[in-house]
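Here is a short tour of one fold, told through its sheet and the helices around it. Have the viewer open as you read.

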Amino acid sequence: YITKNCVYKSIHNVMGNNATFEAIALGGDDIFIIVPADTSLEITNGIITEFDKAFEYTMTMSAGICIAKSTTPLQSMFEIAQHMLKNAKRLSRENTKPEGTIDIEMIQSNMSVNPSRSKSNVFPATNTQLYKFIQIIKELKSDEDIKISQLYKLNHASHVLEPSEFQLFYLYQVNRTSSKYTYYVSKLFDQDS
């Protein structure tokens, strides 16, 4: 009951009465739902928050998210989400504060991939860190001086370029655009802010 309630409440809080989702598995501590990518972080954050509160932090929830194109095979997405869940659980065991954890992978193609990526400075993350991340993303989206297409360009470059090449590309893009990009990127990767 608690798991279902947390899921439905979070979906409604984020998407309202026009919610679009598919519940594949929903019971006990097993949740496998499909939601639009742009709502996935907020919905997951809400589910974890509600679940942890319901059990008064004696039991916490970890989550794995896979963001992919709608044409990506469901089995591939499920495998990646399972791998991300294992990473999140690993962080949960290392975390001294009882709170839910999350890890996320975004895949760019519709083929099955091995999500053995290098560790980033953002994920896996605790639920508190995810909440801060979501707030920064909302702030960034509402900033009228920021062009979202520029962020997509940086995201794509981070996946296809070598780290040293990306650093040069990033510095070039920042110098030719606005220093606001530097501000938001540094906020995203600064865990202490």
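In this predicted model, strand β4 and strand β5 (residues 125–126) pair in the antiparallel sense, over two bridges. Within that pairing, Ile102 stands opposite Ala125 of β5.

On to the other partner of β4. Strand β3 (residues 62–67) runs parallel to β4, and six bridges join the two. Two of the facing residues can be picked out by name: Gly64 has Asp103 in β4 as its bridge partner, and Cys66 stands opposite Glu105 in β4.

Strands of a sheet pair through backbone hydrogen bonds, either parallel or antiparallel. Here the pairing is mixed, in an open sheet of three strands with the order β3-β4-β5. The edge strands are β3 and β5, each of which pairs on one side only. As for β4 (residues 101–106), five of its six residues are buried, so the strand is mostly covered.

The named pairs are collected here for easy selection in the viewer.

| Residue | Opposite residue in the partner strand |
|---|---|
| Ile102 | Ala125 in β5 |
| Gly64 | Asp103 in β4 |
| Cys66 | Glu105 in β4 |

Now for the helices that meet the sheet. Helix α2 packs on the sheet, where it touches β3 and β4, and its direction makes about 175° with that of β3. Helix α3 lies across β3, β4 and β5, running at about 145° to β3. What handedness does the β-α-β unit of β3, α3 and β4 have? It is left-handed, with α3 covering residues 74–94.

Next, the helix pair. Two packed helices are described by the angle between their axes and the distance between the axes. For α2 and helix α4 (residues 127–142), the angle is about 150° and the axes are 10 Å apart. Angles over 145 degrees count as roughly antiparallel, and therefore α2 is roughly antiparallel to α4. The crossing of α2 past α4 is left-handed. In this contact, Leu41, Glu42, Asn45, Ile48 and Thr49 of α2 meet Asn127, Leu130, Tyr131, Phe133, Ile134 and Lys138 of α4.

One more residue of α2 is worth a look. Lys53 lies in this helix, which spans residues 37–54. Is Lys53 buried or partly exposed? Lys53 counts as partly exposed because its relative accessibility is 48%, between the 20% and 50% cut-offs. The C-alpha atoms of Lys53 and Cys6 are separated by 10.0 Å, although the two residues are 47 residues apart along the chain.

Conventions. Residues numbered from 1 in each chain as written. Predicted model: local features only at pLDDT ≥ 70, side-chain atom pairs only at ≥ 80, totals over all residues. Heavy atoms only, no water. Buried < 20%, exposed > 50% of the residue type's maximum accessible area, 1.4 Å probe, protein only. Helix = DSSP H or I, 4+ residues; strand = E, 2+ residues; numbered from the N terminus. Pairing = 2+ DSSP bridges. Right-handed = clockwise from strand over helix to strand, strands pointing away. Axes fitted to C-alpha atoms, helices over the stretch in contact; angles between N-to-C directions. Parallel < 35°, antiparallel > 145°, perpendicular 65-115°, else oblique. Left-handed = near helix turned anticlockwise from the far one by under 90°. Contact = heavy atoms within 4.5 Å.
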